[in-house]
Amino acid sequence: MFKIQTLNKISARGLDKFPRDDYEIASSIQDPDAILVRSQDMHNMEIKETVKAVARAGAGTNNIPIKELTSKGIVVFNTPGANANAVKELVILSLLLSSRPVFQATKWINGLAGKGDEIEELTEKGKSQFIGNEIMGKKLGVIGLGVIGAMVANSAVELGMEVIGFDPFMSVDSAWRLNQNVKHAETLDTLLSKADYITIHVPQTDDTKGLICANTLKAMKDGVKIINIARGGLVNNADMLDAIKNGKVSCFVTDFASEDILNNEKIICMPHLGASTPEAEENCALMAVKELRDFLENGNITNSVNFPKCVSENPIPGGGTRLCISHINAPAMVAKFTTILGDANLNIAGLINQNKGELAYNIIDVDGTVPEETLRALATIENVTKVRPIFAKK
């Protein structure tokens, strides 16, 4: 029986994918095998020794203490792409809202309540103050061409925009997803200098924090419109406010509120609506549950932010054991594992070793049941962070 602790309200459609005969799911579980979380901050949370994995039902993982969990051999999953369509649609809406002063116009027209028959004439006289521009034919710069960035770029092309993308780390899969009309900028400055609109779709890291700042704003066109539905820390708000005051930025749309940017007529601030649709929440929950089940039941890792991808297509040998071993990526580790298993007269039926930077993960299939003393011997090898046996179902 696996125990799953939920830290937020998780879509019931996703939770229903846990077989109730094999899983216990609750927010109050004391010694969970895994944690399923959406937005709750885990940085000050006590992580029990029983925890083997954390799955974030969403793409961003800033609320999860990844470094601490990695040192304990705990796998952290996310769900890239599951909420991509919801975010893409909000970006497209933001493009339109930054171009047409709909909010201001709606507020003004509602202020005419009580004018009766005068409303039609007042409307015709007053509407000229709310003139905006069309997005067709304008240049959109997309910073980051992952799943969401590529979807935004493709949709913008369909809307008649000229799209310029920049992503020095673009994957082959992302390249295949891109519309052939999306132009590739060799440098970030090239994109910044050409775009009428800029939208950001990169993760927040030490390298990208404050990406939009005084220096990058200086390289942009006067009157540029900027959209940030990715992460709040990607934009330096103080520099953004200065750019708005001096006319460099004509409109800033953000999904991340803070005291300093509220009630500014040139800033549209939303309450983190990016993935706030029932469809996105369901998709994220379904993917997170699938990842957890495959890891807990089979030892497989996909979409992990701290561990390498490692998947065995083979079932656990009948009557055998699958060993899932994580360790620091040091020399001769696999040889140490095989020596201990050989000394215990255990035959290795299959072995997969993958690494990601300083971390490595192994799936080792063994004929027969691995005894406790052998598991302890493996766990005490220097640089090993976790040894988890999965026994074949009888």
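The exercises below walk through a predicted model of one protein chain, each with a worked solution.

**Exercise 1. Describe the chain as a whole: how many helices and strands are there, and what does the C-alpha trace span along its principal axes?**

Step 1. The chain contains 13 helices and 16 strands, and its C-alpha trace spans about 90 × 45 × 35 Å along the principal axes.

Step 2. Turning to burial, 47% of the 394 residues count as buried, while the accessible surface comes to about 19900 Å², with 50% of that area belonging to carbon and sulfur atoms.

Step 3. For contacts between residues at least 6 apart in sequence, 64% join residues that are at least 24 apart.

**Exercise 2. Find which residues the two UniProt domain annotations cover, and give the helix and strand content of each span.**

Step 1. An unreviewed UniProt entry lists "domain: D-isomer specific 2-hydroxyacid dehydrogenase catalytic" for residues 21-306; in the model this span is 35% helix and 16% strand, with its end C-alpha atoms 30 Å apart.

Step 2. The annotation "domain: D-isomer specific 2-hydroxyacid dehydrogenase NAD-binding", likewise from an unreviewed UniProt entry, covers residues 125-273; here the content is 28% helix and 20% strand, and the end C-alpha atoms lie 35 Å apart.

**Exercise 3. Decide whether Gln-5 is buried or exposed, and say what its side chain reaches.**

Step 1. Gln-5 belongs to strand S1, which is made of residues 2-6.

Step 2. Its relative accessibility is 12%, and therefore Gln-5 counts as buried, the cut-off for buried being under 20%.

Step 3. The side chain of Gln-5 reaches the backbone oxygen of Ser-27 at 3.4 Å, and the residues in contact with Gln-5, leaving aside neighbours within four places in sequence, include Ala-26, Ile-29, Leu-36 and Met-45.

**Exercise 4. Compare the settings of Glu-49 and Thr-208: in which loop does each lie, and is each buried or exposed?**

Step 1. Glu-49 is placed in the loop between strand S3 (34-37) and strand S4 (53-56), and with a relative accessible area of 69% this residue is exposed.

Step 2. Although Glu-49 and Lys-72 are 23 residues apart in sequence, their C-alpha atoms are 8.5 Å apart in space.

Step 3. Thr-208 lies in the loop between strand S9 (197-200) and helix H9 (214-218), but because its relative accessibility is 15%, Thr-208 counts as buried.

Step 4. Not counting residues up to four places away in sequence, Thr-208 touches Val-202, Pro-203 and Leu-234.

**Exercise 5. Work out which residues of helix H10 are buried, and what covers them.**

Step 1. Helix H10 runs over residues 237-245, and its buried residues are Asn-237, Asp-239, Met-240, Leu-241, Ala-243 and Ile-244.

Step 2. The cover over these buried residues includes H9 together with strands S10 (224-228), S11 (249-254) and S12 (267-269).

Step 3. At the start of H10, a side-chain oxygen of Asn-236 comes to within 3.1 Å of the backbone nitrogen of Ala-238, and just after the helix, Gly-247 adopts a positive phi of about 85 degrees.

**Exercise 6. Explain why Cys-310 is not bonded to the closest cysteine sulfur.**

Step 1. A disulfide requires two cysteine sulfur atoms within 2.5 Å, and by this rule the count comes to 0 disulfides.

Step 2. Cys-213 is in no disulfide, since the nearest cysteine sulfur, that of Cys-251, is 20 Å away.

Step 3. For Cys-310, the closest cysteine sulfur is in Cys-324 at 8.4 Å, which is too far for a bond; Cys-310 itself is buried, with a relative accessible area of 1%.

**Exercise 7. Describe how strands S14 and S15 are joined, and then place Ala-392.**

Step 1. Strands S14 (residues 348-356) and S15 (residues 359-366) run antiparallel and are joined by 8 bridges; Gln-354 has Tyr-361 in S15 as its bridge partner.

Step 2. The hairpin of S14 and S15 has 2 residues between the strands, and Gly-357 in this hairpin takes a positive phi near 65 degrees.

Step 3. Ala-392 sits in the segment after strand S16 (384-391) and is buried, with a relative accessible area of 17%.

Step 4. Setting aside residues up to four places away in sequence, Ala-392 touches Ile-316, Pro-317, Gly-318, Gly-319 and Gly-320, whereas Ala-392 and Thr-277 are 39 Å apart, C-alpha to C-alpha.

Notes:
Residues are numbered from 1 along each chain as its sequence is written. This is a predicted model: local features need pLDDT of at least 70, side-chain atom pairs count only at pLDDT 80 or more; totals for chains, interfaces and linings use all residues. Side-chain values use heavy atoms; hydrogens and water are left out. UniProt positions are given in the numbering used here, feature names are shortened, and annotations may be inferred rather than shown by experiment. Helices (H or I, at least four residues) and strands (E, at least two) are DSSP runs, numbered from the N terminus. Buried means under 20% relative accessible area, exposed over 50%, partly exposed in between (1.4 Å probe, protein chains only). Contact means heavy atoms within 4.5 Å. A polar contact is a pair of N or O atoms within 3.5 Å; within protein, one must be able to donate a hydrogen and the other to accept it, and residues adjacent in sequence count only if both atoms are side-chain atoms. Accessible areas come from the Shrake-Rupley method with a 1.4 Å probe; for residues, only the protein chains shown count as cover. Two strands pair if DSSP finds at least two bridges between them.
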